[in-house]
Amino acid sequence: RHITTGKAGETLAVHFLKIKGYSIIAQNWRSGRSEVDIIAFKENVLHLFEVKTRIGKQPVTPEVSVNHKKMNNLKQAAAAYLYLHPQWKMLQFNIIAITMNYPVTEIFLIEDVY
């Protein structure tokens, strides 16, 4: 069930980012064991997004689950991506927290987390 929830959240996040003016470059980009959920750009800045999705009210919000280990994973993936695409000079890490409370879905963008 968590895989289905995650994929649904990433789909919502992509639509949300497009509405906000981001151009999507890649989804689920991998380098070894490291992964970036969404890579996009806007105004000459490369944005790497970690997407966390939860269903229903829970005691912990989705963004809280982006811990130190997850951020290190994201940084490793970013380094690998930049090695392959050195034209990017500006980089920003972001979190998209999605809570699906049917019929309302909340999307919370946290920018420049690292």
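**Reading a predicted fold: pocket, strands and salt bridges**

Q: Which helix or strand gives the most to the lining of the largest pocket?

A: Helix H1 gives the most to that lining, with six residues. Helices (H or I, at least four residues) and strands (E, at least two) are DSSP runs, numbered from the N terminus. A pocket is an open set of points on a 1 Å grid over the protein atoms alone, where a 1.4 Å probe fits and protein lies on both sides within 12 Å along at least five of seven lines; lining residues have an atom within 4 Å of a point.

Q: What is the volume of the largest pocket, and which residues are closest to its centre?

A: Its volume is about 310 Å³, counted as the space filled by probe spheres set on grid points that are joined across faces, edges and corners. There are 14 lining residues, and the ones closest to the centre are His 2, Gly 6, Glu 10, Val 51 and Lys 52. Three elements each supply two or more lining residues: helix H1 (2–19), strand S2 (34–42) and strand S3 (45–55).

Q: Before we go on, what kind of model is this?

A: It's a predicted one, where local features need pLDDT of at least 70 and side-chain atom pairs count only at pLDDT 80 or more, while totals for chains, interfaces and linings use all residues. Residues are numbered from 1 along each chain as its sequence is written, and side-chain values use heavy atoms, with hydrogens and water left out.

Q: What pLDDT does the chain average, and where is confidence lowest and highest?

A: pLDDT is the predictor's confidence in each residue, from 0 to 100. Here the chain averages 91, and 99% of the residues score at least 70. Confidence is lowest in H1, at a mean of 90, and highest in strand S1 (residues 23–31), at 96.

Q: How do S3 and S4 pair, parallel or antiparallel?

A: Two strands pair if DSSP finds at least two bridges between them. S3 and S4 have ten, in the parallel sense. To find one on screen, start at Lys 52: its bridge partner in S4 is Ala 97.

Q: And what about S4 and S5, parallel or antiparallel?

A: Strand S4 (residues 91–101) and strand S5 (residues 104–110) run antiparallel, with seven bridges between them. They form a hairpin with two residues in between. As an example of a bridge, Ile 95 has Ile 110 of S5 as its partner.

Q: How many residues of S4 are buried?

A: Buried means under 20% relative accessible area, exposed means over 50%, and partly exposed is in between (1.4 Å probe, protein chains only). S4 is mostly covered, with ten of its eleven residues buried.

Q: Where is Ala 8 found, and how far is it from Ala 97?

A: Ala 8 is in helix H1. It counts as partly exposed because its relative accessibility is 30%. Between Ala 8 and Ala 97 there are 12 Å in space, C-alpha to C-alpha, although the two are 89 residues apart in sequence.

Q: How many salt bridges does the structure hold?

A: Look for a side-chain nitrogen of Lys or Arg within 4 Å of a carboxyl oxygen of Asp or Glu. The structure holds three such contacts. In one of them, the side chains of Arg 30 and Glu 35 meet at 3.3 Å, N to O. Glu 35 counts as buried because its relative accessibility is 19%, whereas Arg 30, at 48%, is partly exposed.

Q: Which residues are linked in a network of salt bridges?

A: Glu 50, Lys 52 and Lys 70 are. Lys 52 meets Glu 50 with the closest N and O atoms 3.6 Å apart, and both of these residues are buried. Glu 50 has a relative accessibility of 2%. The side chain of Lys 70 also meets Glu 50, at 3.6 Å, N to O. That pair links distant parts of the chain, with Lys 70 in helix H2 (residues 68–84) and Glu 50 in strand S3, 20 residues apart. Lys 70 is partly exposed because its relative accessibility is 22%.

Q: What is the phi of Glu 43, and where is that residue found?

A: Most residues other than glycine have a negative phi. Glu 43 isn't a glycine, yet its phi is positive, about 50°. You'll find Glu 43 in the loop between S2 and S3, where it counts as exposed because its relative accessible area is 68%. Asp 112 has a positive phi too, near 55°, and lies in the segment after S5.
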